[in-house]
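Here are some short exercises to work through with the model open beside you. Try each task before reading its solution.

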Amino acid sequence: MSEPVAPSTRPTMESVVSLCRRRGFIFQSSEIYGGINGFWDYGPLGTALKRNLKQAWWSDVVERELIGPDGNAVDIVGVDCTIIMNPKTWIASGHVGGFNDPMVDCRESKARYRADHLVVIGRTAPDARLFAFLESDDDAKAKAIKTLCKYERIDSPDPASHTMRLFTTLSETDRARCVGPDASAPGSLTEPRQFSLMFKTNVGAIESDDSSAYLRPETAQGIFTNFWNVVDTSRVKVPFGIAQIGKAFRNEVTPRNFTFRSREFEQMEIEFFIRPESAPEWYRWWRDERFRWWQSIGLGSGNLILREHDRDELAHYAKEGAGTSDIEYRFPFTAPGFGELEGIAHRADFDLKAHATHCGKGEKLRYFDQERNERYFPHVIEPSAGADRGTLALLCEAYTPDPARASGVYMKFHPRMAPIKAAVYPLVNKEGMPEMAEGIYRSLRKKHAVEFDEKQSIGKRYARMDEAGTPFCFTVDGDSLSSGTVTVRHRDTLAQERIAADQVGSWLDDKLDSTA
Ligand code: GAP
């Protein structure tokens, strides 16, 4: 298991959000109408970044050769399923009735909170006031402590008499003493109640219970319900996997931390079907492989950890299984702690069996292993990652303050993830330089996402590329026409070197291939 390394200089979340807005990585959805809580749009650079992440995932799990723990190439095929499925799917999967979060409302502020995310601080004495705040929100915590001190006329809480407790562990009388995070008087928080995360809609012209359907809360169930179709129509044999990238929707009680907890997001999921007895071996292999993969695309610092779940954290279907672990990233808003990027779970045969039972075919749907002449429900190892959380981790990791640069910051994306791979600039907009630069740009553009710009000073153009995270800038200068060379500026070191103008394409191919 990897050991976390002490955080180096980390950006604040405000600085990351501000760069995302300023440079067109991420905007609020429907911003001109004031936005909508929990929904985010990607601008040109953000779209390219997220697309590179998804493409790398697809290419590395579905298309490229991976050698599994049995020494054979890992076989994974793709599907692309609908967002709205037959509602019976969600009864079989346990989501209808079971996919809930506890929430509390504040009668005073009208705000709504996840009950299991609320923490209170205060004395244990029966008449003392307790002040609530959302965990991992440092500002809210500081505000709660300040209000407590003001109310009790003290300078700071005394660790011997002031305790912090989870809201969900409080008795009814203690809850009545709580002042909500955005309230001024105690007793405004309601009792916690279960809130379904499923977005409901209606299919067809008539709105009735019979026409109601759900937006999928995970892409996984489209894979499970197509398991038999894929087995019947492809040349797959256990062990094999089915992969899918797609939107998922959850009506989160408290969407927060930018795109980290959104109501509409994208998942990259693999359901890997195996013989039950090989679950521990495949589980360990997938856990390590997925951790290695996130490192390979630029999260190689000490900000990434692999965390095995404790037994009491395990989902019902994973309790007796090979295990569950999370790959977690140290986001600025979780630091010094970590937030989940991907979960790797042994789901046993829970889902296939549940669908076989609910569709009425039961045991008939057991997989037939021709080589062993045996029927069984395969077990599943599920590596389930978030594309938006992944993109956010890439943004936070890349953000590198540098007071020596005109931009004050540069985005140190792994070249494979960089939205723009290279820029081609004429030093000045005259003396044949723009024409030569445009020629190079056009030849590079046949293969790569590159940019050409002849306006503004070269310093300003470099600064823009630093903020976009472009690893290389090729500049055509006064010597280029006579010498047939251009300069290359390296984003991370600011080193410059001269290379032959007719070698720019192969030079860039080599650089990108060597980091892929
Ligand atoms: N099929 C299993 C499953 O859906 P999950 O842990 O609920 O498992 C998998 O979700 C991944 O989806 C998470 O690791 C996270 O990256 C992403 N995810 C889940 N809820 C999210 C949300 N509200 N906003 C953004 N990403 C989310």
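A residue counts as buried when its relative accessible area is under 20%, and as exposed when that area is over 50%. Keep in mind that this is a predicted model.

**Exercise 1.** Find the salt bridge of lysine 50 and decide whether lysine 50 is buried or exposed.

*Solution.* Start with the partner: lysine 50 pairs with aspartate 388, and their closest N and O atoms are 2.9 Å apart. Next, place the two residues: lysine 50 sits in helix α2 and aspartate 388 in helix α10, so the pair ties together parts that are 338 residues apart in sequence. Finally, apply the cut-off: lysine 50 has a relative accessible area of 7%, so it is buried. Aspartate 388, at 6%, is buried too.

**Exercise 2.** Work out how exposed lysine 237 and glutamate 371 are.

*Solution.* First, note that their side chains form a salt bridge, 3.2 Å from N to O. The two residues are 134 residues apart, each in a loop. Then compare with the cut-offs: lysine 237, at 47%, is partly exposed, while glutamate 371, at 66%, is exposed.

**Exercise 3.** Describe the surroundings of the ligand, starting from which strand gives the most to its shell.

*Solution.* Strand β17 gives the most, with 4 residues. The whole shell has 19 residues, of which 10 are charged, 5 polar and 4 nonpolar. Now look at single contacts: a side-chain N or O atom of glutamate 269 is 2.5 Å from a ligand nitrogen, and one of glutamate 340 is 2.6 Å from a ligand oxygen. Last, consider the cover: the protein buries 89% of the 550 Å² that the ligand exposes when taken alone.

Methods: Residues numbered from 1 in each chain as written. Predicted model: local features only at pLDDT ≥ 70, side-chain atom pairs only at ≥ 80, totals over all residues. Heavy atoms only, no water. Near = heavy atom within 4 Å. Polar contact = N/O pair within 3.5 Å; in protein donor to acceptor, adjacent residues only side chain to side chain. Areas by Shrake-Rupley, 256 points an atom, 1.4 Å probe, with all protein chains shown as cover. Nonpolar A, V, L, I, M, F, W, Y, C, P; charged D, E, K, R; others polar. Salt bridge = Lys/Arg side-chain N within 4 Å of Asp/Glu carboxyl O. Buried < 20%, exposed > 50% of the residue type's maximum accessible area, 1.4 Å probe, protein only.
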